[in-house]
Amino acid sequence: MKASSAHRQSAAGHHHARSERVVLILGFLLAVCALWFFAWIAEEMLEGATAQFDSQVRSAIHAHSTDQLTTVMKFLTLFGSSVVMAPLAILILAVCYIKREFYALEMLAATFAGAVVLELLLKIAFRRLRPVPFFDLPKPVSYSFPSGHALFSFCFFAGLAVVVSSRLARPAARIAVWLVAVLMIFGIGFSRIYLGVHYPSDVLAGYAAGLVWVAALGFVHGLHRRNVERERTVA
C-alpha cells in the first residue's frame with residue numbers, strides 16, 4: 001500500500017513538473033509572438049502602411065455610432081483612464097499587503113509599474129501624433145502610439161485575472177473571471193477607437209505590448225519558482 005501511494009505521488013509530481021514546463025514554454029512563445037507582432041505593426045506604422053487600415057476602421061466604426069453607444073464608450077474610456085485605474089491599482093495592492101498576499105502584491109506591482117514605464121518609453125520613442133477625435137472631444141496631449149489605455153488595461157485585468165483565477169477551485173468561476181477581464185480589455189480599447197482619440201493600430205500595439213510584458217513576467221516568475229523548488233529538493 002505504501003509503495004503504491006508513493007508511486008502515485010511520484011507520478012503526480014512528474015505530471016505537475018511536465019505541466020509547469022509546458023506553461024513556461026507557452027509563456028515564452030507567447031511573449032516572442034507578441035513582441036514580433038508589436039515590432040511588425042510599429043514598422044508598418046512608421047512606413048505609413050497602416051494609414052489605410054486605420055482610416056477604414058475608424059470610418060466604419062464611426063458610421064455606426066449612436067448616442068447610447070457613445071455614452072457607454074465615454075464611460076469605458078473614463079474607467080480605463082489613469083484617474084480611475086491608478087487609485088484602483090493602489091487599492092488592490094493595499095488589500096494584498098493587508099491580507100499578506102505577498103506573492104500577489106509582488107506580481108501585480110511589477111505588472112502595473114512595468115505597464116506605466118513601458119507606455120511612457122514607447123510613446124516617447126515613436127512620437128506618433130493623435131488623430132482628430134470624434135464628437136468634438138479635446139485631443140489628448142500625449143502621443144498616440146501605442147494606446148496607453150489598451151496597454152495598461154491589458155496588464156491590469158490580465159494580471160488580476162491570473163492572480164484571482166489561481167485561487168479559485170471551480171473551472172466555471174475561473175472562466176467567468178477571465179471572461180470579465182477580456183470584455184473589459186476589449187471594451188476599453190474599442191472605446192478609444194470609437195471616440196477617435198486613437199488609431200486602431202495604436203490599440204493593437206497597446207495590446208501587443210501588454211501581452212509581451214505579462215507573458216514575460218509570467219515566464220520569469222515561473223523560472224524563479226522552479227529554481228527555488230529545485231534548491232529546496234537538493235537541500
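A polar contact is a pair of N or O atoms within 3.5 Å; within protein, one atom must be able to donate a hydrogen and the other to accept it, and residues adjacent in sequence count only if both atoms are side-chain atoms. The model is predicted, so local features need pLDDT of at least 70 and side-chain atom pairs count only at pLDDT 80 or more, while totals for chains, interfaces and linings use all residues. Residues are numbered from 1 along each chain as its sequence is written, and side-chain values use heavy atoms, with hydrogens and water left out.

**Exercise 1. Describe the surroundings of Lys 123.**

Step 1. Locate the residue. Lys 123 belongs to helix 5, residues 102-126. Helices (H or I, at least four residues) are DSSP runs, as are strands (E, at least two), and they are numbered from the N terminus.

Step 2. Consider its charge. Lys and Arg count as positive, Asp and Glu as negative, and His and the chain ends are not counted. A salt bridge requires a side-chain nitrogen of Lys or Arg within 4 Å of a carboxyl oxygen of Asp or Glu. Lys 123 is buried but has no salt bridge, and the nearest side chain of opposite charge, Glu 119, is 4.5 Å away. Buried denotes under 20% relative accessible area, exposed over 50%, and partly exposed in between (1.4 Å probe, protein chains only).

Step 3. Find its polar partners. The Lys 123 side chain reaches the backbone oxygen of Tyr 143 at 2.6 Å and that of Pro 146 at 2.9 Å.

Step 4. List neighbours in contact (heavy atoms within 4.5 Å). Leaving aside residues up to four places away in sequence, Lys 123 touches several residues, among them Arg 130, Phe 145 and His 198.

Step 5. Examine one partner. Pro 146 is in the loop between helix 5 and helix 6, and the peptide bond from Phe 145 to Pro 146 is cis, with omega near -5 degrees.

**Exercise 2. Which residues are joined into one network by salt bridges that share partners?**

Step 1. The structure holds three salt bridges.

Step 2. Asp 54 and Arg 128 meet through their side chains at 3.0 Å, N to O. This pair links distant parts of the chain, 74 residues apart: Asp 54 is in helix 2 (residues 51-63) and Arg 128 in the loop between helix 5 and helix 6.

Step 3. Arg 128 also forms a salt bridge with Asp 202, the closest N and O atoms being 2.7 Å apart. Asp 202 lies in helix 8 (residues 200-234) and Arg 128 in the loop between helix 5 and helix 6, so this pair ties together parts 74 residues apart in sequence.

Step 4. Arg 128 is buried, with a relative accessible area of 13%, and Asp 202 is buried, with 0%. The shared partners thus join Asp 54, Arg 128 and Asp 202 into one network.

Step 5. A further salt bridge pairs the side chains of Arg 167 and Glu 101 (2.8 Å, N to O). Arg 167 is partly exposed, at 41% relative accessible area, and Glu 101 is partly exposed, at 31%.

**Exercise 3. Which residues other than glycine have a positive phi?**

Step 1. One of them is Arg 100, with phi of about 60 degrees. Arg 100 is placed in the loop between helix 4 and helix 5 and is exposed, with a relative accessible area of 60%.

Step 2. Another is Asp 136, with phi near 55 degrees. Asp 136 is found in the loop between helix 5 and helix 6 and is exposed, with a relative accessible area of 81%.
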